[in-house]
Amino acid sequence: MSEKNISMAVIRRLPKYHRYLGDLLDKDIQRISSKELSEIIGFTASQIRQDLNNFGGFGQQGYGYNVEALHQEIGKILGLDKVYNAIVIGAGNLGQAISNYAGFKKAGFEIKALFDVNPRMIGIKMRDFEILDSEEAEDFVRKNNIDIAIVCIPKKGAQEIVDRLIGAGIKGVWNFAPIDLQVPKHIVVENVNLTESLYTLSYLMKDNE
Ligand code: NAI
């Protein structure tokens, strides 16, 4: 099956496989059965076999999965065999928290700059960056080969700056603004909404009562 035919539901589970397999590698565990994987990940063994069969089935009867090969292959499918350059738009609470998190760089997403529109914010030095004027963002994207814009501003103004950055060459948007961005077909938007996640938590807690 080609990667294009893998369902979004499977794609959404791949980062979790990747993370757990990475943890196993850190512990020097080289092989694992679908049953053992099921115990640590929480998906059923048959779900795991079905998911991993989508791209050639790395399991061998009586052996299980080769952790390193599977980790590498899933990484490749997720496009993690390259490094992405990103910028953050909006240097408020969220933008600063994201920029300060060192884990993204380790995962292959390098944040190169942080931009804001507020003159009082521009020029403030943070751990790795100085906050830059968002007027300069397009130029920065062009000169620094930026792939991803991480949008951490309110709804107002988000579409406008995203349009400008697309014009300058970004290919993906990690969007935290509470707005459904309109983008051309070749641009990918991944929306993140922590409040929606809290609603799910609320629902599950209600279920437990
Ligand atoms: P904040 O008010 O601390 O920071 C927003 C920053 O964006 C300010 O520094 C402001 O000057 C800047 N800004 C506004 N318009 C801009 C523009 N057009 N270009 C460049 N910079 C601009 O707010 P906070 O707490 O950091 O939240 C930012 C946004 O993210 C909010 O709209 C909020 O709704 C959203 N948010 C989303 C979450 C999610 O899970 N999706 C979680 C938390 C916040």
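**View 1. Asparagine 66 caps the N-terminal end of helix 4 in this predicted model.** A side-chain oxygen of asparagine 66 lies 3.1 Å from the backbone nitrogen of glutamate 68. Helix 4 spans residues 67-77. After helix 4 comes glycine 79, which has a positive phi, near 80°.

**View 2. Helix 4 has buried residues on the same side.** Val67, Leu70, His71, Ile74, Gly75 and Ile77 of helix 4 are buried. These residues lie on the same side of helix 4 because they cover an arc of only 160° around the axis. What do the buried residues of helix 4 pack against? Their partners are helix 1 (8-26), strand 1 (31-32), helix 3 and strand 2 (65-66).

**View 3. Helix 2 and helix 3 cross at roughly 110°.** The axes of helix 2 (residues 34-41) and helix 3 (residues 45-53) come within 8 Å. The crossing angle makes helix 2 roughly perpendicular to helix 3. From helix 2, Ser34, Lys35, Leu37 and Ser38 take part in the contact, and they meet Ala45, Ile48, Arg49 and Leu52 of helix 3. Sorted by class, this contact has 4 nonpolar, 2 polar and 2 charged residues.

**View 4. Lysine 125 lies in a loop between two strands.** Strand 4 (109-116) comes before this loop and strand 5 (131-133) after it. Is lysine 125 buried or exposed? Lysine 125 has a relative accessible area of 65%, so it counts as exposed. Between lysine 125 and tryptophan 174 there are 24 Å in space, C-alpha to C-alpha, and the two are 49 residues apart in sequence.

Technical notes:
Residues are numbered from 1 along each chain as its sequence is written. This is a predicted model: local features need pLDDT of at least 70, side-chain atom pairs count only at pLDDT 80 or more; totals for chains, interfaces and linings use all residues. Side-chain values use heavy atoms; hydrogens and water are left out. Axes are lines fitted to C-alpha atoms, for helices over the stretch in contact, and angles run from 0 to 180 degrees between N-to-C directions. Helices (H or I, at least four residues) and strands (E, at least two) are DSSP runs, numbered from the N terminus. Angles under 35 degrees count as roughly parallel, over 145 as roughly antiparallel, 65 to 115 as roughly perpendicular and the rest as oblique. Contact means heavy atoms within 4.5 Å. Ala, Val, Leu, Ile, Met, Phe, Trp, Tyr, Cys and Pro count as nonpolar, Asp, Glu, Lys and Arg as charged, and the others, Gly among them, as polar. Buried means under 20% relative accessible area, exposed over 50%, partly exposed in between (1.4 Å probe, protein chains only). The arc is that of the directions from the helix axis to the C-beta atoms. A polar contact is a pair of N or O atoms within 3.5 Å; within protein, one must be able to donate a hydrogen and the other to accept it, and residues adjacent in sequence count only if both atoms are side-chain atoms.
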